[in-house]
Structures are given as structure tokens and as C-alpha cells.
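Reader: I am new to this structure and would like to understand the words used for it. Could you take me through them one at a time?

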Amino acid sequence: MDYIKRLTSLFIFLLFLFTTTLTTHAKSGQTYEVDAEWLHIRSSPSVHAEIIGKLKKGNKVMAFGENSGWLQTYYHGGKAWVASKYLVPDDEKEVFLTDGLLSGYTIVIDPGHGGKDPGAIGHNDVLEKDLILITSLKIAEQLVETGATVILTRVDDSFVSLNDRVLISNQADSDVFISIHFNAFPEDYVGGINTYYYQSGKGLAHNIQHALSQEVPLRNRGVIQSNYRVLRDNNSPAILIELGFITNKTELTTIQSDSYQDKVARAIANGLIEYFWE
Ligand SMILES: [Zn+2]
């Protein structure tokens, strides 16, 4: 009996060690909390680099890269670096940064599917959930760069229920909720992008779909009303964007490219600026 107990505590300790080792590596899209009285924000990943700002204990930053002990984030619209040894991972997936046109707005980005739910399956067995995560992180990066407070409903391949996605948005008292998806259809030739809303997201849907059609080379399939749960039960203006068909060979090549994802991220930021500032 004692032997089993000891084995169990050893296992728990190893699990703890394993988890802490894992979390010392910055994950793109992961939020960290400052665990020192104050922390310098620097222009490049070095203690000799120029100090461009200061964070206090409890402030949050979102990671977009890592360079030997330094975590890359955004500050006043530009790339900035903080020493990762003073940061602890934060589960709230939330980040505050000042300045920029989206400053003061809380935006929930909801990468659809994840974990046991792969979403649609496209050509070459590409899974919708994987492409969604990559694209959503790019969108979050662009929005943080523009000054927004961004909350992601998932930052890795984990399963999040529809109920939890809505709960995250409602508890954060978000200004808007944007769910990211890719589309699928049995016939290869069908393609294009479209945006769904339930009620309050109508204006936002039009702004975002318009911005996407200006920036992105795919067919504009327009704005559609739909009764999706993440939209219907949301207290905030909520939309769901289908960013192309992964069952269309040509379109899949396009939507897997960096340049497409950058354009999508820029378009969503532009659409939001229009929406909030119009
Ligand atoms: Zn989907």
C-alpha cells in the first residue's frame, strides 16, 4: 500500500516537473503575468537594449515569439521584448496593451473546433482545427499590435465546449466576439468567404466581410444570418467567419499561405477599426 502511495506521489511530482519545464517555453498566443515588482520592456532581446517601457506586477503580456530567455510581444504598436524569467503563464488568455486604434476594446477571438473535434477535413487530410489555430494566432497578433485587448478561447489543440466559448466572452464583457472557421463542401469547385451573424453582430459582419473582400483574393459569398449557438447565446455583437474552403484544392493552397493569413489578419483589424470608429 505504502509502495503504491509513494509511486503515486512520485508520479505527481514528475508530472509537476514536466509541466513546469514545458511552461518555461513561450508559446505563441499564450498570456503571461509579470511576477516581479516591475519589469523593463526592451527594444530587442538583450539587457543592453533600450528600455521603452515598464510593466508592473500583475500586468499581462501575450507572447508572439521567443529568443533565448526573451519573450516577444507588442508595445505601443511595435515589437518589444521582456525577460521571460519574470513571467508566469496565465490561464486567462487575456492581454492589455495601450495605444493604437483598437486600444480600449476587448476582442474575443474564438478558434473553432480543437482537440477531439477536428472540424472539417480537407485535401491532403488537412484538418480545419489546425489551420484555424495558425490563422487565429496571426489575427490575435495583428489585433494586439493595433492596441486591442485580445482573449483567445483556445491557444493550442485543446477541446473547448461551445458553452465555455460563450462563457469566456460573456465573463470578459467583450466588445465583440469573432469565431474563426474554414468551410467544406463535397464538390471541389465551391469556394469563397462568408460571415455569419445572429442579431447584434449584423453591422460588425458587414464591416468585416467588406474589409475581407477588399483584401483577400477569394470569392465574396456575403453576409448570412444564422442561429449558431456561439452567436445566439453571446451578450456581445458576435460573428463567425468562414475563411475559405479546405475542400477546394486551389483555395486550400491559398489559405495555407502566410500571405493569405497576413491579409486576413489585416482585413479583420481594418474591419474592426471601421466598426468602432465609424
Ligand atoms: Zn468549423
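Reader: Happy to start small. Why is Lys54 called exposed?

Author: Lys54 has 11 other C-beta atoms within 10 Å. A residue is exposed if 12 or fewer other C-beta atoms lie within 10 Å of its own, buried if 20 or more do, and partly exposed in between, with C-beta atoms placed from the backbone. Lys54 is therefore exposed. Please keep in mind that this is a predicted model, where local features need pLDDT of at least 70, side-chain atom pairs count only at pLDDT 80 or more, and totals for chains, interfaces and linings use all residues. Residues are numbered from 1 along each chain as its sequence is written.

Reader: Where does Lys54 lie, and what is it in contact with?

Author: Lys54 lies in strand 3, residues 51–56. Helices (H or I, at least four residues) and strands (E, at least two) are DSSP runs, numbered from the N terminus. Leaving aside neighbours within four places in sequence, Lys54 is in contact with Trp38, His40 and Ile41; a contact means C-beta atoms, placed from the backbone, within 7 Å. The C-alpha atoms of Lys54 and Leu39 are 5.6 Å apart, though the two are 15 residues apart in sequence.

Reader: What makes Gly104 partly exposed?

Author: Gly104 has 14 other C-beta atoms within 10 Å, so it falls in between the two cut-offs. Its place is in the loop between strand 8 (87–90) and strand 9 (106–111).

Reader: And why is Ala140 called buried?

Author: For Ala140 the count is 27 other C-beta atoms within 10 Å, which meets the cut-off for buried, so the word applies. Ala140 sits in helix 2. Outside its neighbours within four places in sequence, Ala140 is in contact with Gly29, Ile109, Val150 and Leu152.

Reader: How do you know that helix 2 is mostly covered?

Author: Of its 18 residues, 16 are buried. Helix 2 reaches 26 Å from its first C-alpha to its last, close to the 26 Å expected at 1.5 Å a residue; the expected span is 1.5 Å times one less than the number of residues. After helix 2 comes Gly147, with a positive phi near 100 degrees.

Reader: What makes strand 9 and strand 10 a pair?

Author: DSSP must find at least two bridges between two strands for them to pair. Strand 9 and strand 10 have 4 bridges, in the parallel sense, so they pair by that definition. Ile109 stands opposite Leu152 in strand 10.

Reader: Which unit do strand 9, helix 2 and strand 10 make?

Author: Together they make a right-handed β-α-β unit. Right-handed means that, with the strands pointing away from the viewer, the path from the first strand over the helix to the second runs clockwise.

Reader: What is meant by a nonpolar core?

Author: A nonpolar core is a set of buried Ala, Val, Leu, Ile, Met, Phe, Trp, Tyr and Cys residues joined through C-beta atoms within 7 Å. The largest one here has 72 residues, and Ile107, Val150 and Ile239 have the most contacts inside it. Helix 2 (residues 128–145) gives the most to this core, with 8 residues.

Reader: Why is this core said to lie between two domains?

Author: Domain 1 (24–90) and domain 2 (106–277) both give residues to the core, so it lies between them. The domain bounds come from an automatic or database domain assignment.

Terms used:
Two residues are in contact if their C-beta atoms, placed from the backbone, lie within 7 Å.
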